[in-house]
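Trainee: I would like to go through the strands and helices of this model. Please set each label against its definition.

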Amino acid sequence: MSSNVVVIGGGAAGLAAALKASEEKCDVTLIERDSDVGGVLNQCIHNGFGLDYFKKNLTGPEFKEKLKEKVLSKSNIKIKSGAFVHSVEKDKNIVFIDRNGVNNLKCDSLVITTGAKERPFTSLGISGKRLSGIYSAGLAQKFINMMNLRPGNSALIVGSGDIGLIMARRLTLEGVKVEGVIEIMPYPGGLQRNIKLCLEDFSIPLYLSRAVKYVDGDRRVNKIITTKVDDKFNHIGGDDITFNVDTLVSSVGLVPNVKPFEFLEHSAGFSTTNKNRTSENWIFSAGNSTVVFDLVDYVAQEGEKAGYMAALQAKNDLSPAGKIKLLPGKNIGILYPSYIEKDYESKIYLRARQPMEKGVLLIPELGIEKEFEDIKPSEMIKIKVPAFDKNTDRIEVNLNELK
Ligand SMILES: Cc1cc2nc3c(=O)[nH]c(=O)nc-3n(C[C@H](O)[C@H](O)[C@H](O)COP(=O)(O)OP(=O)(O)OC[C@H]3O[C@@H](n4cnc5c(N)ncnc54)[C@H](O)[C@@H]3O)c2cc1C
């Protein structure tokens, strides 16, 4: 078996990549481990997807169906679902397992769009018993939205990122009494619109600078003791709040899924250039397997670019240019991509380390200086940089607060 371009993972990034590569007249095989494509979109039944990409306010499943419809209309895309990629060999052989057993698929170029996985609650090292009633937010969401199961009667949400906020609302709508959302940082982790729509509209309290101290219960959670933290996250005694709930929903972040492709350069996610190229010239990556994006629109746009580049690579139309390291400087939390190939335009995405009323983004090597207002770590800042021919071996990005 062989295909010009293989795409691993059929979420928003993978569907967009397959589509774009097929438009470049390549034979494409899309491999997805689940029974259907769509990835995390399938369980996100709330709206807020596609405002930029489709210019419509869609739910996750609607966004997926619109992309999938386009993919299905292409005769040069084959979808293999229920197929798990076990390994990628350096001679461009993809090994995947499906109901027929172990299969080999040769390709000219590859796009990896394997998304992100949830950071488990156990990674927080919180003391307490091994009790039932502790769920990751994604699992609780899957139970409610896809399996029609209610995970408990009363809940505390740990983590105020968008997923935690959306789950607070969803659980409330399903009749679960959500007693609050706690957040270890002194500011909320999610988008402002979600604070309003998911917490304020349902009178769900948000507790900032607060962490779980102990989880108690008898086989099932019945008590969660929380405490105030200082700016170094040390527990401060004397201000404990106990929540008498039977469910803890942990929403403490996503981590790009780089397994089983760790032979590629990665930090949290795959390190890619602005052409979505990884440390192997013939392998590209996009979406949450590179960095956790806040909006699916960015994921799909990056997926399209990765598919386009992979198609050029498959046709031997993409010559590797020198890579310039993009370095996070002052106040920069997350920065994407990791490298710039200077003969092509870039979209640089970043997250600030802390909220700022006003800040100036400085990229001295490229002469960029741009002011932003109301900066929040939860909302990515995006800037376009045209191709350039200046000689430099590093580009540093800084965000200075303006008082
Ligand atoms: C709860 C939640 C709410 C969100 N709300 C919004 C919102 O309101 N608006 C918005 O714009 N965005 C929202 N997002 C963000 C957006 O949904 C995601 O950024 C986007 O869908 C991620 O797409 P992806 O293709 O990178 O990853 P995924 O959707 O995770 O897709 C990865 C795919 O790869 C497959 N895969 C992984 N490993 C293998 C393997 N070895 N072999 C085969 N297949 C494999 C997986 O099964 C999966 O289908 C939300 C995300 C979450 C989790």
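Mentor: Start with β6 (residues 84–89) and β7 (residues 93–98), which run antiparallel and are joined by five bridges. This is a predicted model: local features need pLDDT of at least 70, side-chain atom pairs count only at pLDDT 80 or more, and totals for chains, interfaces and linings use all residues. Residues are numbered from 1 along each chain as its sequence is written.

Trainee: What makes β6 and β7 a pair?

Mentor: Two strands pair if DSSP finds at least two bridges between them. β6 and β7 have five bridges, so they pair. One partnership is V88 with I94 of β7. Three residues lie between the strands of this hairpin, and K92 takes a positive phi near 65°.

Trainee: How do you know that β7 also pairs with β8?

Mentor: Six bridges join β7 to β8 (residues 101–112), again antiparallel. F96 has N103 of β8 as its bridge partner. Two residues separate β7 and β8 in their hairpin.

Trainee: Why are β11 and β14 called edge strands?

Mentor: The open sheet has the order β11-β18-β12-β13-β14, with parallel pairing. β11 (134–136) and β14 (206–207) each pair on one side only, so they are its edge strands. Within the sheet, β12 (residues 154–158) and β13 (residues 177–182) share five bridges. There, L156 has G180 as its partner in β13.

Trainee: What makes β14 a strand and α4 a helix?

Mentor: Both are DSSP runs, numbered from the N terminus: helices are H or I, at least four residues, and strands are E, at least two. β14 spans 206–207, so it meets the strand cut-off. α4 spans residues 162–173, so it meets the helix cut-off.

Conventions. Contact = placed C-beta atoms within 7 Å. Axes fitted to C-alpha atoms, helices over the stretch in contact; angles between N-to-C directions.
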